[in-house]
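Please work through the exercises below with the sequence and the three-dimensional model at hand. Each task is followed by a solution in steps.

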Amino acid sequence: MDIKSENKSFGGMQGVYSHASEVCGCDMTFGLYLPEAATLGSVPVLWYLSGLTCTHENAMTKAAAQGWADEAGIALIFPDTSPRGEAIADDDAYDLGQGAGFYVNATQAPWAPHFRMWDYIAEELPALIGAEFAVDMDRQAITGHSMGGHGALTLAMGLKGRFRSVSAFAPIANPTKSDWGRKQFAAYLGADEATWAKHDASLLMQERGFDGPVLIDQGTNDQFLDLLKPEALAQAMAARRQDGAFRMHKGYDHSYFFMSSLMEEHVAFHAEALYA
């Protein structure tokens, strides 16, 4: 593991690190914020999964999360959104290929050799961070935005018992019914739509729900509402009587201005579950 940078922030340390990923078959980069409390012992972790076109850096620099995380004594993990490099398959479209991993394990050419973001987030990266840093991997929570909100919800419901809480900002909520999903799932997973269902948060909510609290925030002025399909997830949560909240916020769009406005509430939401 190589240290790319380490910067003091809110009493803690914001680091950026790279490592050779066996899962993705390339070098991967991630951000990790360790609060000041990590100097005294292991702290719980909150994963932040980013959206389309993002790297580890977007949320790390724009989400305004470090101060609240330091106050709560929580580490923040900012993974990349896909494998990257000249030898990695890509597409001219912004919503497929590098920067658009959709947190799945691809089974189709040319994506299968490297696009294994589910295993990377679920297995390889937590094992590495747990071994190298003062974090408590028995206390994990997860959040994300847009494509990352999709990933946070599907990982939380797909890995039973792993996460104590899950939240999302403007998630891609029903990708099997959206052009942000059908296009990518067909490319990465193939034409058999039965293999797509485990990566659809609304379908997973209908089938199994989440064994902890859920918080979903969505702006009413989001320019991508027709692609996100938040109503499907809201209806599934209500039908299942899921422990949690689905909130619509008047006037907010899809940008980091929306996320940073609510970040304090999301960190506090996860802190309550992580320290329960």
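The exercises concern ring pairs, a buried glutamine, salt bridges, cysteines and one helix.

The model is predicted, so local features require pLDDT of at least 70 and side-chain atom pairs count only at pLDDT 80 or more, while totals for chains, interfaces and linings use all residues. Residues are numbered from 1 along each chain as its sequence is written, and side-chain values use heavy atoms, with hydrogens and water left out.

**Exercise 1. Aromatic pairs**

Task: Classify the ring pair of tyrosine 17 and phenylalanine 30, and state where its two members lie.

Solution.
1. Rings of Phe, Tyr and Trp (its six-membered ring) pair if their centres lie within 6.5 Å; planes under 30 degrees apart are stacked, those over 60 edge-to-face, and the rest tilted. The structure holds 11 aromatic pairs.
2. The ring centres of tyrosine 17 and phenylalanine 30 are 5.6 Å apart and the planes stand at 35°, so this pair is tilted.
3. Helices (H or I, at least four residues) and strands (E, at least two) are DSSP runs, numbered from the N terminus. Tyrosine 17 belongs to strand β2 (residues 12-21) and phenylalanine 30 to strand β3 (residues 26-34), so the pair ties together parts 13 residues apart in sequence.
4. Buried means under 20% relative accessible area, exposed over 50%, and partly exposed in between (1.4 Å probe, protein chains only). Tyrosine 17 is buried at 3%, and phenylalanine 30 is buried at 0%.
5. Ring pairs also link Tyr17, Phe30 and Phe133 into a cluster.

Task: Classify the ring pair of tryptophan 111 and tyrosine 188.

Solution.
1. The centres are 5.5 Å apart and the planes make an angle of 85°, an edge-to-face pair.
2. Tryptophan 111 sits in the loop between β5 (75-79) and α3 (117-132), and tyrosine 188 in helix α5 (residues 179-189), 77 residues apart.
3. Both tryptophan 111 and tyrosine 188 are buried.

**Exercise 2. The surroundings of glutamine 218**

Task: Describe the position and the contacts of glutamine 218.

Solution.
1. Glutamine 218 is part of strand β8 (residues 214-219), and its relative accessible area of 0% makes it buried.
2. A polar contact is a pair of N or O atoms within 3.5 Å; within protein, one must be able to donate a hydrogen and the other to accept it, and residues adjacent in sequence count only if both atoms are side-chain atoms. The side chain of glutamine 218 makes such a contact with that of aspartate 222, at 3.0 Å.
3. Contact means heavy atoms within 4.5 Å. Not counting residues up to four places away in sequence, glutamine 218 touches residues including Ala170, Pro171, Phe246, Arg247 and His249.

**Exercise 3. Salt bridges**

Task: State how many salt bridges there are, and examine two of them.

Solution.
1. A salt bridge is a side-chain nitrogen of Lys or Arg within 4 Å of a carboxyl oxygen of Asp or Glu. The count comes to 10 salt bridges.
2. In the salt bridge of aspartate 80 with arginine 84, the closest N and O atoms are 2.7 Å apart. Aspartate 80 is buried at 5% relative accessibility, whereas arginine 84 is partly exposed at 28%.
3. Arginine 162 and glutamate 123 form a salt bridge with an N to O distance of 3.6 Å. Arginine 162 lies in the loop between α4 (147-158) and β7 (166-169) and glutamate 123 in helix α3, so the pair ties together parts 39 residues apart in sequence.
4. Arginine 162 is partly exposed at 23%, and glutamate 123 is partly exposed at 45%.

**Exercise 4. Cysteines**

Task: Determine how many disulfides the structure has.

Solution.
1. A disulfide is a pair of cysteine sulfur atoms within 2.5 Å. A search of the whole structure finds 0 disulfides.
2. For cysteine 24, the nearest cysteine sulfur is that of cysteine 26, 5.4 Å away. Cysteine 24 is buried at 0%.
3. For cysteine 54, the nearest cysteine sulfur is that of cysteine 24, 17 Å away. Cysteine 54 is buried at 7%.

**Exercise 5. The faces of helix α8**

Task: Determine how the buried residues of α8 are arranged around its axis.

Solution.
1. In helix α8 (residues 230-240), the residues Pro230, Ala232, Leu233, Ala236 and Met237 are buried.
2. Viewed down the axis, the buried residues of α8 fall within an arc of 160°, so they line one face of the helix. The arc is that of the directions from the helix axis to the C-beta atoms.
3. The face of α8 turned away from the buried side carries the exposed residues Gln235, Ala238 and Ala239.
4. Among the elements that cover the buried residues of α8 are α4, β8 and β9 (244-249).
5. Just after α8, arginine 241 takes a positive phi of about 55°.
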